Structures are given as structure tokens and as C-alpha cells.
Amino acid sequence: MYLVLIGWLYVAVMMAAAEATAANGTVLGAMFTFVLYGLLPVGLIAYLLDAPRRRRARKAAEQAPGLGQAASIDAPDAGGEATRPATADAVAPVREKP
């Protein structure tokens, strides 16, 4: 997967270089070419193809007790209410005046 993404970025760099060195091309146009034809598609494809690994990691963290930060924040305490991190409410809430 990474080889294809690196190859596509190489093509996008070559397209941007051709845009920058063309007689009527600009460096700004080359940057837009690289971002729109290179970085955005590669980032989107990498994110979509990495979804199964993230899903497996999330399930593994949920099944391992006490190892996930989300599990420790959302797990109820002995009183039945969800616990909060110590820094969640550093400032006390302000009451409205009657």
C-alpha cells in the first residue's frame, strides 16, 4: 500500500515541477497542483485503508480492562456515575442569581 502512495506522491511532485517550470506556469499553481493531486488524495486513501487497523486496535483496547483511556473515563465508579479526569472541571461552574 505504501509503495503505491509513495509512487503517486512522486508523480504529483513531477507534475508540480512541470507546472512551476513551464513558460506560463507559476510556483503557486505548482503548490496547488501538489496539494490537490498529491497530498489530499494520498491522505484520504491512507486514512480509508488504515480503518481496519484502527478498528482492531479499538476493539483490543475495549477488551483489555484498564488499558484504554476512554474506558477509564466512561466507566462508572462505585456510585454508578461516570468518573471524570481531575483536570476536566478545573473551574467550578457559576450559578445563576435568583
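Q: What percentage of the 98 residues in the chain is buried?
A: The model is a predicted one, and a residue counts as buried in it when its relative accessible area is under 20%. Taken over the 98 residues of the chain, the buried share comes to 12%.

Q: How many helices and how many strands does the secondary structure of the chain contain?
A: Reading from the N terminus on, the elements run α-α-α-α. The secondary structure of the chain accordingly comes to zero strands and four helices.

Q: What share of the exposed area of the chain do carbon and sulfur atoms supply?
A: The area that the chain exposes is about 8300 Å². Of this area, the part supplied by carbon and sulfur atoms is 66%.

Q: Is Thr33 buried or exposed?
A: Thr33 is found in helix 2, which covers residues 27-49, and with residues up to four places away in sequence left out, Thr33 touches Met15, Ala16, Glu19 and Gly38. The relative accessibility of Thr33 is 13%, and the cut-off for the buried class is under 20%. Because 13% meets that cut-off, Thr33 counts as buried.

Q: Is Leu28 buried or exposed?
A: Leu28 also has its place in helix 2, and its C-alpha atom is separated by 9.6 Å from that of Ala16, twelve residues apart from it along the chain. A residue counts as exposed when its relative accessible area is over 50%. Because the relative accessibility of Leu28 is 52%, Leu28 counts as exposed.

Q: Which residues are joined into one network by salt bridges that share partners?
A: Side chains of opposite charge can pair when their charged atoms come close. Arg53 forms a salt bridge with Asp50, with the closest N and O atoms 2.9 Å apart, and the side chain of Arg54 meets that of Asp50 in a salt bridge at 3.8 Å, N to O. The salt bridges share partners, and the residues they join into one network are Asp50, Arg53 and Arg54.

Q: How do Arg53 and Arg54 count in terms of accessibility, and what are the values?
A: The partly exposed class lies between the buried limit of under 20% and the exposed limit of over 50%. Arg53 has a relative accessibility of 45% and so counts as partly exposed. Arg54, at 28% relative accessibility, likewise counts as partly exposed.

Q: Which residues form a positive surface patch?
A: One of the patch residues, Arg58, is found in helix 3, which covers residues 51-63. The positive surface patch is formed by Arg55, Arg56, Arg58 and Lys59.

Definitions and conventions:
Residues numbered from 1 in each chain as written. Predicted model: local features only at pLDDT ≥ 70, side-chain atom pairs only at ≥ 80, totals over all residues. Heavy atoms only, no water. Patch = residues over 30% accessible without salt bridge, like charges linked within 9 Å, V, L, I, M, F, W, Y side chains within 5 Å. Areas by Shrake-Rupley, 256 points an atom, 1.4 Å probe, with all protein chains shown as cover. Salt bridge = Lys/Arg side-chain N within 4 Å of Asp/Glu carboxyl O. Lys, Arg positive; Asp, Glu negative; His and termini not counted. Charge placed at Lys NZ, Arg CZ, Asp CG, Glu CD. Helix = DSSP H or I, 4+ residues; strand = E, 2+ residues; numbered from the N terminus. Buried < 20%, exposed > 50% of the residue type's maximum accessible area, 1.4 Å probe, protein only. Contact = heavy atoms within 4.5 Å.
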